[in-house]
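Grab a pencil and have a go at the exercises below before you peek at the solutions. Each one asks you to look at the structure first and then reason your way through.

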Amino acid sequence: MATEIRAVRPDEFPSLVPALVDLLIDTVDDGASLGFIPPVVPAAAWKYWIGLVPELAAGSRVLVGVFCDGQILGSAQLWLPSLPNARHRADVQKVFIARTLRGRGVGAALMAALHECARQRDRTLLLLNARRNVADRFYKPLGYREVGVIPGYSLGPNGARIDTASLYLQL
Ligand SMILES: CC(C)(COP(=O)(O)OP(=O)(O)OC[C@H]1O[C@@H](n2cnc3c(N)ncnc32)[C@H](O)[C@@H]1OP(=O)(O)O)[C@@H](O)C(=O)NCCC(=O)NCCS
C-alpha cells in the first residue's frame, strides 16, 4: 500500500469531505473525542468539515492528510492565529488515523509532517489539548510537554466530564 502524507490543497478539499465525514463519525463513535459526543449524526460532521473551507482558502488553517492508494485515511490540522502577538504559534487540532491503520507509526509520521508545515510557516510553538492517555502515550513521546490537566474539561456521553491535558511543543 502506497502511503503519502501531505498538506491538502484548498481546491481538492471539497472532494475529500465525504471520506472525512465517515472517518470522523467512525473515530468519535469508537470513543475518541475530537470535539464531538457520540453518536455523531452525518449532518453535524458535514457541517464541521464544510465549515473549514473559508479558513483553508485563507491559509489560516492547514489540513495535512494521510493518503493510502489515493484514499484519505487520516488527517491533522494546524490553526494559525493572526493576531500580531501570536504569529509564532499554532494550535494542533483533530488528529486522527483510520482504525485499520493505527499502531503502525502512521500517526507519528502525520505529526512529523504537521510539524514541518508549521516550520514552513514560522509557527514554532505548537499547542494542543488531549485526553490524558493520548497525551501520555502519543504526544509526550513526540516531545510535547504537559502544562497541566484541566479536570472535566470536555463533555462525554451521558454528561460525563473528561479530564484533558494541555501540551505544547517548541519546534
Ligand atoms: C492518536 C492516533 C492519531 C495515533 O495514531 P497511530 O497511527 O496509531 O500512532 P502510532 O502508530 O504512530 O503510535 C505512536 C504511539 O502512540 C500510542 N498510541 C496511539 N494511539 C493511542 C491511544 N489512543 N491511546 C494511547 N496510546 C496511543 C501507540 O501505542 C504508540 O506507542 P508505541 O510506539 O510505544 O507503541 C490514533 O490512535 C487515533 O486516531 N486515535 C483516535 C483519535 C484521537 O484520539 N486523536 C487524538 C486527539 S487529541
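Here come some exercises on a predicted model, each with a worked solution.

**Exercise 1. Work out the order of the strands in the sheet, and say which strands stand at its edges.**

Start by walking across the sheet from one side to the other. You pass seven strands in the order β1-β2-β3-β4-β5-β7-β6, and the sheet is open with mixed pairing. Next, look at the two ends of that walk. β1 (3-7) and β6 (145-155) each have a single partner strand, so one side of each has no neighbour in the sheet. Last, check the twist: on average, neighbouring strands here are turned by 25 degrees against each other, direction ignored.

**Exercise 2. Follow the pairing from β1 through β2 to β3, and find the bridge partners of E4 and F67.**

Keep one general idea in mind: strands of a sheet pair through backbone hydrogen bonds, either parallel or antiparallel. Step one is β1 with β2, an antiparallel pair held over five bridges. Within that pair, E4 is partnered by F67 of β2. Step two is β2 with β3, also antiparallel, and joined by eight bridges. Here F67 turns up again, now with I72 in β3 as its bridge partner. Step three is the turn itself: the β2 and β3 hairpin has two residues between the strands, and D69 takes a positive phi near 50 degrees there.

**Exercise 3. Now go to the other end of the sheet: how many bridges join β6 to β7, and which residue does V149 face?**

Count along the pair and you get seven bridges between β6 and β7 (residues 161-170), with the two strands running antiparallel. Then find V149, and across from V149 you'll see A165 in β7.

**Exercise 4. Describe how α1 and α2 pack, including the angle, the handedness and the residues in the contact.**

A quick reminder of the usual recipe: two packed helices are described by the angle between their axes and the distance between the axes. For α1 and α2 (residues 42-50), the angle is about 125 degrees and the axes are 9 Å apart. That angle makes α1 oblique to α2, and the crossing is right-handed. Now list who touches whom: α1 brings V17, L20, V21, L24 and I25, while α2 brings P42, A45, W46, W49 and I50. Sort the contact by class and you find 10 nonpolar, no polar and no charged residues.

**Exercise 5. Find which strands α1 and α5 lie across.**

Take α1 (residues 13-29) first. This helix lies across β2 (61-68), β3 (71-79) and β4, at about 90 degrees to β3. Then take α5, which lies across β5 (125-131), β6 and β7, and runs at about 130 degrees to β5.

**Exercise 6. Look into the loop between α1 and α2 and pick out the backbone features at P39 and L34.**

P39 sits in this loop, and the peptide bond from P38 to P39 is cis, with omega near 0 degrees. L34 is in the loop between α1 and α2 as well. Its phi is near 55 degrees, a positive value in a residue other than glycine.

**Exercise 7. Sort out the shell around the ligand: which residues come nearest, and which element gives the most?**

There are 17 residues around the ligand, and A32, R102, G107, A108 and R137 come nearest. Now go element by element: β4 (89-97), α4 (106-120) and α5 (132-139) each supply at least two residues. α5 gives the most, with four. Finish with the classes, which come to nine nonpolar, five polar and three charged residues in the shell.

Definitions and conventions. Residues numbered from 1 in each chain as written. Predicted model: local features only at pLDDT ≥ 70, side-chain atom pairs only at ≥ 80, totals over all residues. Near = placed C-beta within 6 Å. Nonpolar A, V, L, I, M, F, W, Y, C, P; charged D, E, K, R; others polar. Pairing = 2+ DSSP bridges. Axes fitted to C-alpha atoms, helices over the stretch in contact; angles between N-to-C directions. Contact = placed C-beta atoms within 7 Å. Parallel < 35°, antiparallel > 145°, perpendicular 65-115°, else oblique. Left-handed = near helix turned anticlockwise from the far one by under 90°.
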